[in-house]
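Subject: Structure for you to look at

Hello,

Here is the structure I said I would pass on. Please open it first, then read my notes below.

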Amino acid sequence: MRYKAKSAAALQLALAGLPDQMRVEIEPDIGVSAKTVAELRMVTAWPENLAITTPLERDPESTVKVDKVSAATRTSPKP
């Protein structure tokens with residue numbers, strides 16, 4: 001699932017239930033640094049232009065991805 005978290009609190013909700021040891025992949029030049037979900041949970045400020053993609057399965061071998069939200073994503077609802 002892809003979430004456009006508008007705050008650190010919203011990020012915490014999106015990460016709920018994911019294992020602390022799950023890997024995190026972050027696009028270059030994002031300004032957020034984390035290698036695991038546990039580290040990502042420690043983020044205190046979350047830019048509104050970032051989104052996270054979480055896997056449907058809660059397997060610790062899965063990966064959470066962090067990337068920038070494109071202008072099209074912000075203005076166009078998904079079907």
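Accessible areas come from the Shrake-Rupley method with a 1.4 Å probe. On that basis, the accessible surface of the chain comes to about 5000 Å², and 54% of this belongs to carbon and sulfur atoms. Please keep in mind that this is a predicted model.

Overall layout

The chain has three helices and four strands. Read from the N terminus, the order of the elements is β-α-β-α-β-β-α. The chain has 79 residues, and 34% of them are buried. Among contacts with a separation of 6 or more, 61% are between residues 24 or more positions apart.

The core

Which residues touch the most other members of the largest nonpolar core? They are Leu11, Leu40, Trp46, Ile52, Val64 and Val66, out of 19 residues in that core. At least two core residues are supplied by each of helix H1 (8-15), helix H2 (37-41), strand S3 (50-53) and strand S4 (63-68). H1 gives the largest share, four residues.

Val64 is a useful residue to click on. Leaving out residues up to four places away in sequence, Val64 touches eleven others that include Leu18, Met22, Val24, Val37, Leu40 and Ile52. Arg23 and Glu25 are also among the residues that Val64 touches, and they return below.Just before S4 comes Ser62, in the loop between S3 and S4. Is Ser62 buried or exposed? Ser62 counts as buried, because its relative accessibility is 10% and the cut-off for buried is under 20%. Leaving out residues up to four places away in sequence, Ser62 touches Met22, Arg23, Pro55 and Glu57.

Salt bridges

How many salt bridges does a search of the whole structure find? The search finds three.

- Asp67 pairs with Arg2, and their closest N and O atoms are 2.9 Å apart. This pair links distant parts of the chain, since Asp67 is in strand S4 and Arg2 is in strand S1, 65 residues apart. Asp67 counts as buried at 18% relative accessibility, whereas Arg2 is partly exposed at 31%.
- Arg41 and Asp20 meet through their side chains, at 2.3 Å from N to O. Arg41 lies in helix H2 and Asp20 in the loop between H1 and strand S2 (23-26), so this pair ties together parts that are 21 residues apart in sequence. Arg41 is partly exposed, with a relative accessible area of 24%, and Asp20 is partly exposed at 42%.
- Arg23 and Glu25 also meet through their side chains, at 2.9 Å from N to O. Arg23 counts as partly exposed at 45% relative accessibility, and Glu25 counts as partly exposed at 33%.

The surface

Met1, Tyr3 and Leu56 form a nonpolar patch on the surface, and together they have about 340 Å² of accessible area. Met1 sits in the segment before strand S1 (2-3). Met1 is exposed because its relative accessible area is 52%, and the cut-off for exposed is over 50%.

Met42 is another residue to find, in the loop between H2 and S3. Met42 is exposed too, with a relative accessible area of 61%. Its C-alpha atom is separated by 9.2 Å from that of Gln12, 30 residues apart along the chain.

Regards

How values were computed. Residues numbered from 1 in each chain as written. Predicted model: local features only at pLDDT ≥ 70, side-chain atom pairs only at ≥ 80, totals over all residues. Heavy atoms only, no water. Patch = residues over 30% accessible without salt bridge, like charges linked within 9 Å, V, L, I, M, F, W, Y side chains within 5 Å. Salt bridge = Lys/Arg side-chain N within 4 Å of Asp/Glu carboxyl O. Buried < 20%, exposed > 50% of the residue type's maximum accessible area, 1.4 Å probe, protein only. Core = buried A, V, L, I, M, F, W, Y, C linked by side-chain atoms within 4.5 Å. Contact = heavy atoms within 4.5 Å.
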